[in-house]
Amino acid sequence: MSKDDQILEEFTSKEYEHGWSVDFEADEAPAGINEDIIRFISAKKEEPQWLLDWRLKAFKKWTEMKEPRWPNVKYPDIDYQGVKYYSAPKQDKKPKSLDEVDPELLKTFERLGISLTEQKRLTGVAVDAVIDSVSVATTFKETLSELGIIFCSFSEAVQEHPELVKKYLGSVVPATDNYFAALNSAVFSDGSFCYIPSGVRCPMELSTYFRINAANTGQFERTLIVAEEGSYVSYLEGCTAPQRDENQLHAAVVEIYAAKDAEVKYSTVQNWYPGDKNGKGGIYNFVTKRGICDGDNSKISWTQVETGSAVTWKYPSCILKGDNSQGEFYSVAVTNNYQQADTGTKMIHIGKNTKSRIVSKGISAGKSQNSYRGQVHIMKRAENARNFSQCDSLLMGDKCGAHTFPYIDVENNSAQVEHEATTSKIGEDQIFYCQQRGIDEESAVALIVNGFAKEVMSKLPMEFAVEAQKLLALTLEGSVG
Amino acid sequence: MLKIDNLHASVEGKEILKGINLEVKAGEVHAIMGPNGSGKSTLASVLAGREEYEIEEGSVTYQGKDLLELAPEERAHAGVFLAFQYPVEIPGVSTTNFLKTAVNQTREARGLKSLDAVSFLKVMKEKMKLVDIDQALLSRALNEGFSGGEKKRNEIFQMAMLEPTLSILDETDSGLDIDALKIVADGVNKLKSPDNATIVVTHYQRLLDYIVPDYVHVLYQGRIVKSGDKSLAHELEDKGYDWIKEEVAAL
Ligand SMILES: Nc1ncnc2c1ncn2[C@@H]1O[C@H](COP(=O)(O)OP(=O)(O)O)[C@@H](O)[C@H]1O
Ligand SMILES: [Mg+2]
């Protein structure tokens, strides 16, 4: 066996750390999707009629749509009637405060390293925890509300701030935008809502933590972030799921609205269960994330570290409508074993002097396939638009694949668009050099990979960066020897 | 400290080392010279544990242990250091970060506590003086875009940080101008002690004016064909390698 092969062997032997599940009593809908299920979900949430109508419209459209097959991923047909669309851990009544939350639930999050007890939380991070379909706790609500910031579960927002939800829901990702967005719009069960009023700089990181627990259940959450004029917020999203033999579906939607001079930073560390080393099980992650820089001088920045999921289909995008607005996409996507990722971004330049920057780092190991797919569209009106894209791929071994699909449409001659791409392999030379200095193989790989991904990792908020670095190492553990 | 006995090694089915015998004692400096392609770097790589080289025959004992049994990082933990002829680039990883990992893993392997950031930086500051290396260089990605001289100096800096027992310097002099050569040699000399040993691989005599060897060996076609003291290096400088080649051919 060559050295590279040994390296691969070892890397592929790693285990998923968050692969346990807890038996809660759950409040569930029967498997399958139809109008009644949607009515059931809407009723459970005590939703207003307009929202039920919105869901039903999305559902109708969804039934007429076709699942996209253009991504560079392969998976068997999904049996949408076999999925449960609603599962909530049973709580006696809706908790009013953290003290009333089921201690088992709190423990579940503790095990994930996320304490929902406010005193124990790292200072500077407020958390909304979503388990299966339902938000179970939101921390630091009072502190935030003094500034007029609304940070709560989506269901709560529907009850407490219906006018805001009605105004922005579907304004960035229309209910019928694409197959998975339509499905989400029909059956979404919860998620996070965040509203930053004019002129307010959110003093702490806001964070949502998603956990799929129940078997055979899909997770369909929605996040809506509205940043009013001159406001600023940094938002974090993390996720894990138990280890199960069957594939589970996750189809989320994230919408961001940025008004004039507003700035939103959205960071994700995605660690859904990737399946075992033979490719059995794992999450199908079909996510639509989009932000609109509606006002002049606004800015939206996406940073993602994608380590999990069996199949990932995800293109966090920016619509740069306001003049001088800016969009950024920083991504590290790691695939190992049989994981498949097709991820990238769209930067749609509409306003004048709009700028976008794309930095994508793909790392492939095992028999995985890792694709970057990105679109830069400079529209007619976008005078002096600029884009810079850098797409680097790092391969470990020769059984994996890295692919780059850049699409560039320029309709205005004043645009400057730059695209750079590199592909490299982790060399035996590099690993031997590290080993000669006393660094074992696994740490050597972690070091090299983190070095490769550094430009993206440095964009993550501190608390997240450390976790993300460890995750990269864990995902690739055993890949090099 | 080190005893190499009848060592044969091959790569891709081709025998490169054809029976090396060498003994190095604590406190000694050995120079290995020889024309290009003789197998000097191969010997260094085999000692450091590079896996692409197959050991066909022979043994290597280091501090009473079978060196060939140990993984490369275990050899490093046991105090074996190789200054590479061609140091490797690691993009995005600073020398500082790299060395912090290296020093702490080595310390852990030896049952010592890892150094925290503050103590590590303190040690680094001291060692930086030894080889006159700049902080700015250490913050840059390891060896990436370094000049030849910077790479070599960085190797010796790493050696200073890791405080090895047996150092193997593979052509550390190549690509250095005379000032840099003096600095590097000076660093190596300061690190010398009665408890450690150095093997200097070079094919110029020049370096040996600054790092004075106790023994000089000529490696040619995978064998040590001649050994002597410092004067052998001078003889090689004057007469070149042809007379050695003729001697070997005559055998
Ligand atoms: N990895 C390798 N693959 C094939 N041949 C090699 C390899 N490493 C060394 N060699 C060959 O072994 C011989 C000795 O090389 P080397 O040890 O680098 O010599 P030196 O350092 O004395 O110049 C050369 O003929 C070289 O081409
Ligand atoms: Mg050599």
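## Chain A as a whole

Among the contacts in chain A between residues at least 6 apart in sequence, 83% join residues that are at least 24 apart. This description, like every value that follows, rests on a predicted model. The secondary structure of chain A consists of 12 helices and 23 strands.

Chain A has 481 residues, and buried residues make up 64% of them. The area that chain A exposes comes to about 17,800 Å², of which carbon and sulfur atoms supply 47%.

## The surroundings of ligand 1

Turning to chain B, we can look at what lies around ligand 1, which is surrounded by 13 residues, the closest being B:Ile16, B:Gly37, B:Lys40, B:Ser41 and B:Thr42. Sorted by class, this shell contains 6 polar, 4 charged and 3 nonpolar residues. Two elements of chain B, the strand β2 (14-24) and the helix α1 (40-48), each supply at least two residues of the shell, and α1(B) gives the most, with 3 residues.

Several atoms of the protein can be paired with oxygen atoms of ligand 1. In B:Gly37, a backbone N or O atom lies 2.8 Å from an oxygen atom of the ligand, while a polar backbone atom of B:Ser41 is likewise 2.8 Å from an oxygen atom of ligand 1. For B:Thr42 the polar atom belongs to the side chain, and it lies 2.5 Å from an oxygen atom of ligand 1. On its own, ligand 1 has 560 Å² of accessible area, and the protein covers 69% of this.

## The magnesium ion

Which protein atoms are the donors of the magnesium ion, ligand 2? They are OG of B:Ser41 and OE1 of B:Gln85, and they lie 2.0 to 2.3 Å from the ion. B:Ser41 lies in helix α1 of chain B, whereas B:Gln85 lies in the loop between β6 (80-83) and β7 (90-94) of chain B, so the pair ties together parts that are 44 residues apart in sequence.

B:Ser41 therefore has a place in both descriptions, since its backbone provides a polar atom 2.8 Å from an oxygen atom of ligand 1, and its OG atom is a donor of the magnesium ion, with its position in helix α1 of chain B.

## Buried or partly exposed donors

Are the two donor residues, B:Ser41 and B:Gln85, buried or partly exposed? B:Gln85 counts as buried because its relative accessible area of 16% is under the 20% limit. B:Ser41, at 24% relative accessibility, counts as partly exposed, because this value falls between the limits of 20% and 50%.

Notes. Residues are numbered from 1 along each chain as its sequence is written. Chains are lettered from A and ligands numbered from 1 in the order in which they are written. This is a predicted model: local features need pLDDT of at least 70, side-chain atom pairs count only at pLDDT 80 or more; totals for chains, interfaces and linings use all residues. Side-chain values use heavy atoms; hydrogens and water are left out. A residue is near a molecule or strand if one of its heavy atoms lies within 4 Å of it. A polar contact is a pair of N or O atoms within 3.5 Å; within protein, one must be able to donate a hydrogen and the other to accept it, and residues adjacent in sequence count only if both atoms are side-chain atoms. Accessible areas come from the Shrake-Rupley method with a 1.4 Å probe; for residues, only the protein chains shown count as cover. Helices (H or I, at least four residues) and strands (E, at least two) are DSSP runs, numbered from the N terminus. Ala, Val, Leu, Ile, Met, Phe, Trp, Tyr, Cys and Pro count as nonpolar, Asp, Glu, Lys and Arg as charged, and the others, Gly among them, as polar. Donors are N, O and S atoms within 2.8 Å of the metal (3.2 Å for Na, K and Ca); water is not among the atoms, so sites may look incomplete. Buried means under 20% relative accessible area, exposed over 50%, partly exposed in between (1.4 Å probe, protein chains only). Contact means heavy atoms within 4.5 Å.
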